[in-house]
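Trainee: Could we go through this structure together, one question at a time?
Mentor: Happy to, let's have a look.
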Amino acid sequence: MCGRTACSLAADNLRRACAYRDSRGQLRQPEWVRRERYQPSYNKGPQSSGPVLLSRRHLHQDADSSERVLMDMRWGLVPSWFKQDNPSKLQFNTSNCRSDTMLSKSSYKGALLKGKRCVVLADGFYEWQQQSGGKQPYFIYFPQPKDTMDKETEGNEEWKGWRLLTMAGIFDCWKPPGEGEMLYTYTIITVDASKDVSFIHNRQGAILDGDEAIGKWLDFAEVPTQEAVKLIQPTENIVFHPVSTFVNNIRNNTPECVAPVELGAKKEVKATPNNKVMLGWLKSSQEGSPQKKENDLPKWTSHFIHTPSPKKTSADVLQQWLGKQGQPPVKKHKA
């Protein structure tokens, strides 16, 4: 399943990270719709809102269906046919949708057949492994390019920051009885877990790897449903690392949620390229986060660092943890 995500990029950087080529081959950035509602977070759960990509034609009937827009939607699909006056009265969980039943369950079938396909954006998602002593959380994300920059460039330069995880979703529009604003909601499609992460959990989000797959999933006018659903397959192109149980509390919303931790205090670890990228990304996200600028991030309260200082950044804390022996490995499960 996929029950918690992180999406920490500021609105402008999120738009730049979603640059794509339209049907004419022109490089474009998706237009924001209701940008003011978007709130970056290291710890997003169902019923919160999150950014998704969708075809512009859903909002403008005369638009090219290959054009994309960014929109903030509530996580947890509310079907358009729902008759109650409050979406919280929905009696079942719609944050995830199983790929093997999405064309048979009434909650999703109608929206899917109408082409209401979206791409859910995240830095990565969290999953919990059941252990004898409790549950161990992991952060799962795309391998990062070697040229990923610690500091994101500004303006219209090519995006060199964190590569966003792109998951297939279904959205719907629900209008409350009488007067009221249209509510846009989404669900994340899930598939059987890939071999490398199956030891953590038996399900994972349906990941669309690459712009071609994203384009086909979004372009409902050119790619019919029966063709689009063939894209929904497990992918092996993901990496992961264990994180602190700090993330278990949905109220915790700092870079500590995604910071790698070492399982087993005496275990010797080695540096890997992806964790070097993670370290740099954490440093830049802490320094450039709009949350920090607005002073609404909680104070650093790490419970796995013995002597925390309010002046330390996430990179400082990670560097203290890493010590002089190297950095924690991105985990790849081996039999």
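What follows is a short conversation about a predicted model.

Trainee: Is Gln144 buried or exposed?
Mentor: Start with its place: Gln144 sits in the loop between strand E11 (134-141) and strand E12 (165-174). Its relative accessibility is 8%. Buried means under 20%, so Gln144 counts as buried.

Trainee: Which backbone nitrogen lies 2.7 Å from a polar atom of the Gln144 side chain?
Mentor: The side chain of Gln144 has a polar atom 2.8 Å from the backbone oxygen of Phe142, but you asked for a nitrogen. At 2.7 Å from a polar atom of that side chain, the backbone nitrogen belongs to Arg163.

Trainee: Why are the buried residues of helix H2 on the same side?
Mentor: In H2 (residues 106-113), the buried residues are Ser107, Tyr108, Ala111 and Leu112. They lie on the same side of H2 because the arc they cover around the axis is only 100°.

Trainee: And which helices do those buried residues pack against?
Mentor: Set the strands aside first: the buried residues of H2 pack against E8 (96-98), E9 (117-122), E12 and E13 (183-192). The helices they pack against are H3 (211-218) and H4 (225-228).

Trainee: Which are the edge strands of the open sheet of five strands?
Mentor: Its order is E5-E1-E10-E11-E15, with antiparallel pairing. An edge strand pairs on one side only, and here those are E5 (41-44) and E15 (239-242).

Trainee: Which residue of E5 stands opposite Cys7?
Mentor: E1 (residues 5-7) and E5 run antiparallel and are joined by two bridges. Opposite Cys7, in E5, stands Ser41.

How values were computed:
Residues are numbered from 1 along each chain as its sequence is written. This is a predicted model: local features need pLDDT of at least 70, side-chain atom pairs count only at pLDDT 80 or more; totals for chains, interfaces and linings use all residues. Side-chain values use heavy atoms; hydrogens and water are left out. Helices (H or I, at least four residues) and strands (E, at least two) are DSSP runs, numbered from the N terminus. Buried means under 20% relative accessible area, exposed over 50%, partly exposed in between (1.4 Å probe, protein chains only). A polar contact is a pair of N or O atoms within 3.5 Å; within protein, one must be able to donate a hydrogen and the other to accept it, and residues adjacent in sequence count only if both atoms are side-chain atoms. The arc is that of the directions from the helix axis to the C-beta atoms. Contact means heavy atoms within 4.5 Å. Two strands pair if DSSP finds at least two bridges between them.
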